[in-house]
Amino acid sequence: MKNDKKDIRALSKEELRDFFESIGDKAFRGNQVYEWLWSKSAHTFEAMTNLSKETRSHLEDNFVINHIAVDNVQRSNDGTIKNAVKLHDGLIVESVLIPAKNRTTACVSSQVGCSLDCKFCATSRLKRMRNLNPDEIYDQVVAIDKESRLYHGMPLSNIVFMGMGEPLMNYKNVLASIEKITSPEGLGMSPKRIVVSTSGVPKMIKKLADDGVKFNLAVSLHSAIQETREKIMPFAKSFTLKDLEESLHYWYELTNKSVTYEYVVWEGINDKEEDVLALIKFCQILPSKVNLIEYNPIGDDDFKQATNKALEMYISLLEKARIPVTVRRSRGKDIDAACGQLANKQ
Ligand code: SAH
């Protein structure tokens, strides 16, 4: 029965080598299969042409290759592409290709749905069904890399974990996927071109530091005032700003790496001077920069993008405090591919 077979990509290279030894074959076959599975992204055992027919059918009898299928592709007027990706069990996640002048960025999902409850995010309305496996994250990147080559004539240059889900709530698999993405046996991408974005899970930020990760960290802050943050991101009652601050201290001490704060300014929520002052104070914990993100409406009247005047106040006060600030305009809004809009709607 197909379902009793093990997903071969859950095996490490060592385990694959052991498997071949256990059936009286040469261990190096494990290396060959590993290469087919990862750097060559083979979807079938049939495709592994340097293995004998016998070996291939033996693999077929024991394993499956669970791979994703890009189910639906939507293209925005601004060149952004959104993939609806079907997983082996029929569940769907979304990933996005965002082209810029000299680079292309993949925005990938880490969970089906999300367990957090950010009130302004469309994904939070979907129940968290399950974590993605490392290969399911890896495959999203491979699919987007192909599209980048096809439509933009260049390989994928950057990856952001800003799709569906909270990456640090699927810690092990996210790190395993990055391991594969950065390994020469996988895609060989530099960790410097990868950003993991978290809503701020202090314990896991500390664990990233302990694990000495080389990729970049972004934190979705949105408010540096506990009372306000709790209102828009209720989970922040348990993951307080105080704990977040402590974990970021720890992160910087161990990694010597700065962080980026993602921040949306909403009318009547965080558009006052006191909000900016609290943000500035928070930014002084460690070297950091602020990315002001445009709000993408998700059909909820409680949230409205702040006025340009409020945004200008943010920018000028942050600049005065010598905190680097950028304003990120939304991409792919017409196909619901912008930040916070991923909700399997198409
Ligand atoms: N769970 C992770 C990653 C996914 S969200 C995190 O929270 O960081 C990626 C970014 O989009 C986050 O900064 C999130 O706060 C922001 N975001 C969510 N909904 C949004 C919306 N409607 N408009 C603009 N940004 C939004």
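A residue counts as near the ligand if one of its heavy atoms lies within 4 Å of it. In this predicted model, 21 residues surround the ligand. The protein buries 96% of the 540 Å² that the ligand exposes when taken alone. Two helices, α9 and α10, also pack against each other.

**Ligand shell**

- The closest residues to the ligand are F120, S197, S220, H222 and N296.
- By class, the shell holds nine nonpolar, nine polar and three charged residues.

**Polar contacts to ligand oxygen**

- H222 uses its side chain: a polar atom there lies 2.6 Å from an oxygen atom of the ligand.
- T198 uses its backbone: an N or O atom lies 3.5 Å from a ligand oxygen atom.
- S199 also has a polar backbone atom 3.5 Å from an oxygen atom of the ligand.

**Packing of α9 and α10**

- Helix α9 covers residues 273–283, and helix α10 covers residues 308–320.
- Their axes are 10 Å apart and meet at an angle of about 35°.
- The crossing of the two helices is right-handed.
- From α9, the contact residues are E273, D275, V276, L279 and I280.
- From α10, the partners are M313, Y314, L317 and L318.
- This contact has seven nonpolar residues, two charged ones and no polar ones.

Conventions
Residues are numbered from 1 along each chain as its sequence is written. This is a predicted model: local features need pLDDT of at least 70, side-chain atom pairs count only at pLDDT 80 or more; totals for chains, interfaces and linings use all residues. Side-chain values use heavy atoms; hydrogens and water are left out. A polar contact is a pair of N or O atoms within 3.5 Å; within protein, one must be able to donate a hydrogen and the other to accept it, and residues adjacent in sequence count only if both atoms are side-chain atoms. Accessible areas come from the Shrake-Rupley method with a 1.4 Å probe; for residues, only the protein chains shown count as cover. Ala, Val, Leu, Ile, Met, Phe, Trp, Tyr, Cys and Pro count as nonpolar, Asp, Glu, Lys and Arg as charged, and the others, Gly among them, as polar. Axes are lines fitted to C-alpha atoms, for helices over the stretch in contact, and angles run from 0 to 180 degrees between N-to-C directions. Helices (H or I, at least four residues) and strands (E, at least two) are DSSP runs, numbered from the N terminus. A crossing is left-handed if the near helix is turned anticlockwise from the far one by less than a right angle, and right-handed if clockwise. Contact means heavy atoms within 4.5 Å.
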